[in-house]
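Me: I have a few questions about the terms used for this model. Please set each value against its definition.

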Amino acid sequence: MQPNAMPTILKEILDKKQKVALRSCERTTPLNAPNLDSTFMIAEIKRASPSAGNIGVIPNPSVLAKEYLQGGAGAISVLCENDYFKGDLEDLKEVKLANPNACVLRKDFVTQLGQIKEAYDFGADMVLLIAAVFIGKNNPYGGFLQLRALYEKCLELGLTPLVEVHNALEVDFITPLGAKLIGINSRNLHTFVIDRIQAYCLLNQIQAKNPQSKVIFESSLLCNFDGFIVGNLGFNGILCGSYLVKNHKPKLALEKLKRAIECGKNSPNAFYQNVFRLLNSPLGFLKICGITNTQDALMCAEALQELKPFYAKDKIAALGFIIEPKSPRYIAIEYIREIARELERFSNILKIIVLKDDENQMQTAIELYQEGVVDALQLHSVKDSCFGGVELREADFAFYEVWNVECAEDLGKFISPFVLLDSKSALGGGSGKGIDLDVLESLKARVQTLCVAGGVGVDNVESLRQIGAKMLDINSSIESKVGKKDSVKLQKLLAILKKRGEMCV
């Protein structure tokens, strides 16, 4: 679909916005630039949205703004669109008058130069400029020239423009602006569908094209763990609304979210940065699970080097180690440490520990993660947000969930940014049984990034790729016997993957 078509929700909002007359006001408050030298938290006054409906009653926006500021907000975002978000410029004015030393963002659908002056008059210090509004051939709102004019008008009045993008085309579109502050919105404004992994991957593109820019993450933040991911990826901050508005203690919620982001920033582990690149690559993410000995680990790591030409970055695949004692592929912790040392010569191989819902296993896995022995935890047979005695919404380590599915109804709400779908078996995995392709097709919209385990091998790898599988977790199909990997079978699998990779180059 062409960007200039602007279908559905975005077009409806913009059509109505054009009929709203400009308003006048006399500014009496100081102009405050945002402090972008530390973790930049933008907390939002937001009553409703087209996707969520009513979010929260906010009778006194200035009161909520005070709580946000006490919780560490570097700026207050105020929705000023009435028809879909139930906001108003009067909300912005009230917030600024009550908090004159705060930095306040006008979050709106701005297309006219007069709206920039209007924002200034009502007390705004920042203005949101949305690239999606202006991109596309024969754009009805003036295209890039108008976006640049709006940007320059902001600078003329001393306002800080926040330029928002949603996809790679928009990143290229705004690059000539040399924007100081860029927001990546994980929500598609045409459809209001969330795609977090696409948004995460845009950060690298922006940093390559605009290394001087500060970049914040917008939308779909639902818990502190989401903040950990954002910080771990290298974002400079966030813009968060619904999660904070719905929280009964917004000050505390914002404090915890900020700590989670900073924890992610300070973590030496870059698993998410690496794995999102792999998931977003043409060849996808390959993991070989059930490694039980050093010989197999080194054989697999050496064989996987054949995939190196198909990846732009250094990480190319992963090996998995199962610490569930009942598994026939169980491996003791001391052997994982030994293998990890041997794998240091293959720095492009990720190491993942696989565990069941057990407190001892969880604590052991977290210790190995903190020591740098493994890069992430694969949590097998997840059923709710508490796993191994840990509330996953509060996690400060890299993990992803595995859900065992036989039908679409088996998949519940998951917290990790992607979820691995495995077949059902007595042990929850490793049976060699696959998930029906129709079931996988039916789950694609819910998981967005299709990751598959269970019965994955030479016979079905091509069909799984054809339906869009971006992660393949291989285990029993490349074994000569349980727990013993077979180099010939692995080479056959890699030959299929390399052939597909060559087609994508």
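Me: What share of contacts between residues at least 6 apart in sequence joins residues at least 24 apart, and what makes a contact?
Reply: The share is 68% in this chain. Contact means heavy atoms within 4.5 Å. This is a predicted model: local features need pLDDT of at least 70, side-chain atom pairs count only at pLDDT 80 or more, and totals for chains, interfaces and linings use all residues. Residues are numbered from 1 along each chain as its sequence is written, and side-chain values use heavy atoms, with hydrogens and water left out.

Me: Why is the chain called as compact as a globular protein of its length?
Reply: Its radius of gyration, taken over C-alpha atoms, is 24 Å. The globule rule (2.2 Å times the number of residues to the power 0.38) gives 23 Å for 505 residues. The two values are close, so the chain is as compact as a globular protein of that length.

Me: What makes phenylalanine 217 and phenylalanine 235 an edge-to-face pair?
Reply: Rings of Phe, Tyr and Trp (its six-membered ring) pair if their centres lie within 6.5 Å; planes under 30 degrees apart count as stacked, over 60 as edge-to-face and the rest as tilted. Here the centres are 5.4 Å apart and the planes 75 degrees, so the pair is edge-to-face. Phenylalanine 217 sits in strand β9, phenylalanine 235 in the loop between α9 and β10.

Me: Why is phenylalanine 217 called buried or exposed?
Reply: Buried means under 20% relative accessible area, exposed over 50%, partly exposed in between (1.4 Å probe, protein chains only). Phenylalanine 217 has 0%, so it counts as buried. Phenylalanine 235 is also at 0% and buried. Across the chain, 57% of the 505 residues count as buried.

Key:
Helices (H or I, at least four residues) and strands (E, at least two) are DSSP runs, numbered from the N terminus.
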